[in-house]
Amino acid sequence: MSFRRAQSVQSLQSLIKPLIAAALITATLAGCAPIILGGAATGALVATDRRSVGAQTEDREIQVKAEANIANTLTDDAVHVNVTVFNRRVLLTGEVPNDATKQAAVNIVKQISNVRGIVDELAIGPKSSFGSRSNDAWITSKVKANLINTKEISANVFKVVTERGDVYLMGLVSQEEGTIGANVASRIDGVQKVVKLYEYVKPEEAQRLSTEAEKNPAPVQEDANAATVTTTPIGNDTVTAKPLSSPAPISEGPVKPGPSNKTGN
């Protein structure tokens, strides 16, 4: 094999290796495998989700409507919008060409019935590359794996979404669980920042919800349209700088209210 050909093979392997590794890691995470949802890497629905089966079903309906309405309305090729839903709160990530399109996406979601909160994390700029989206999937798999290896918490109560290296954490968690989960994610190589989009519950309530979920598990869903997620940031809770040498920044932020009394589609 010539030196040039060897270099080409090595370059190809360097591109494929993260994808294969991500697939191998996620194959071991029962019911928690990340999927690429229009570009954002997100954890699938799991049997021990603390939401009720009804709430999970409603979230999925909201997500499907939002994706369809956005796709049918914002037809510009430069638009790349991901929709994730948790407990009737909608997270929008991805890229749009201008502020008008960004606001249009938010307005579309506002017209959907039963939406009670919107987190607008859309960036104005060019669509992310395949390499960037693959890296997001890799980061999500690493976050999930490290959450599983953290004995103080249950990884199944967290939803993880990654977009352009930014990690969004969602779930019904106690304050302590949320802090531990965010600190775990902030130490993953490649994470630019961690945004906590939790709904906080008391520790005893968290335990009760987990017990109920174990008794009445929801069917596992891992299709390419699977929904998940929650609200916007809420304050400012920074840990420090960058991965490996120091944790990525952690923050919370405000939720834009959604017109939950709407009956549109």
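A residue counts as buried when its relative accessible area is under 20%, as exposed when that area is over 50%, and as partly exposed in between. With that cut-off in hand, K102 is buried, because its relative accessible area is 15%. The structure described here is a predicted model, and the paragraphs below go through its salt bridges, one of its helices, its pocket and cavity, and two residues of a loop.

K102 is a good place to begin, since its side chain meets that of D120 in a salt bridge, with 3.3 Å from N to O. D120 belongs to strand β5 (residues 117-124) and K102 to helix α3 (residues 99-110), so this pair ties together parts that lie 18 residues apart in sequence. D120, with a relative accessible area of 13%, is buried, and K102, at 15%, is buried too.

Side chains of opposite charge can pair when their charged atoms come close. By the rule applied here, the count of salt bridges comes to 11. One of them joins R164 to E95, and the closest N and O atoms of this pair are 2.8 Å apart. The pair links distant parts of the chain, for R164 sits in the loop between β6 (159-163) and β7 (166-173), while E95 is found in strand β4 (residues 89-96), 69 residues apart. Where the surroundings of the two partners are concerned, R164 counts as partly exposed at 29% relative accessibility, whereas E95 is buried with a relative accessible area of 2%.

Another salt bridge is formed by E199 and R116, whose closest N and O atoms are 2.7 Å apart. Because E199 lies in strand β8 (residues 193-200) and R116 in the loop between α3 and β5, this contact ties together parts of the chain that are 83 residues apart in sequence. E199 counts as buried, at 12% relative accessibility, while R116 is partly exposed, with a relative accessible area of 26%. Salt bridges can also share residues, and here D49, R51, D59 and K159 are linked in a network of them.

Among the helices, α4 allows a check of its length. Helix α4 covers residues 130-148, and at 1.5 Å a residue its 19 residues should span 27 Å; the expected span is taken as 1.5 Å times one less than the number of residues. The C-alpha atoms at the ends of α4 are in fact 27 Å apart, which agrees with the expected span. Many positions of this helix can also be placed by their accessibility: in α4, the buried residues are R133, S134, D136, A137, I139, T140, S141, V143, K144, A145 and L147.

The next topic is the space between the atoms. The largest pocket holds about 190 Å³ of space, and its lining is made up of 13 residues, of which R50, E177, A206, Q207 and S210 lie nearest the centre of the pocket. Two elements, α5 (175-186) and α6 (203-215), are the ones that give two or more residues to this lining. Helix α6 provides the largest share, with six residues. Sorted by class, the lining of the largest pocket consists of four nonpolar, five polar and four charged residues.

Apart from pockets, the structure holds one cavity of 30 Å³ or more, and the volume of the largest cavity is about 40 Å³. The residues that line the largest cavity are D49, R50, F86, N156, V157, F158, K159 and L172; by class, this lining has four nonpolar, one polar and three charged residues. The largest cavity lies between domain 1 (49-127) and domain 2 (128-220 + 245-254), because both of these domains give residues to its lining. Of the lining residues, D49 and K159 also belong to the salt-bridge network described above.

A last stop concerns the backbone. Most residues other than glycine have a negative phi. N87, although it is not a glycine, has a positive phi of about 55°, and R88, likewise a residue other than glycine, has a positive phi near 65°. N87 lies in the loop between β3 (80-86) and β4, and R88 has its place in the loop between β3 and β4 as well. With a relative accessible area of 15%, N87 is buried, whereas R88, at 25% relative accessibility, counts as partly exposed.

Notes
Residues numbered from 1 in each chain as written. Predicted model: local features only at pLDDT ≥ 70, side-chain atom pairs only at ≥ 80, totals over all residues. Heavy atoms only, no water. Helix = DSSP H or I, 4+ residues; strand = E, 2+ residues; numbered from the N terminus. Buried < 20%, exposed > 50% of the residue type's maximum accessible area, 1.4 Å probe, protein only. Salt bridge = Lys/Arg side-chain N within 4 Å of Asp/Glu carboxyl O. 1 Å grid on protein atoms, 1.4 Å probe; cavity = no way out; pocket = protein on both sides within 12 Å on 5 of 7 lines; lining within 4 Å. Points joined across faces, edges and corners; volume = space filled by probe spheres on them. Nonpolar A, V, L, I, M, F, W, Y, C, P; charged D, E, K, R; others polar. Domains from an automatic or database assignment.
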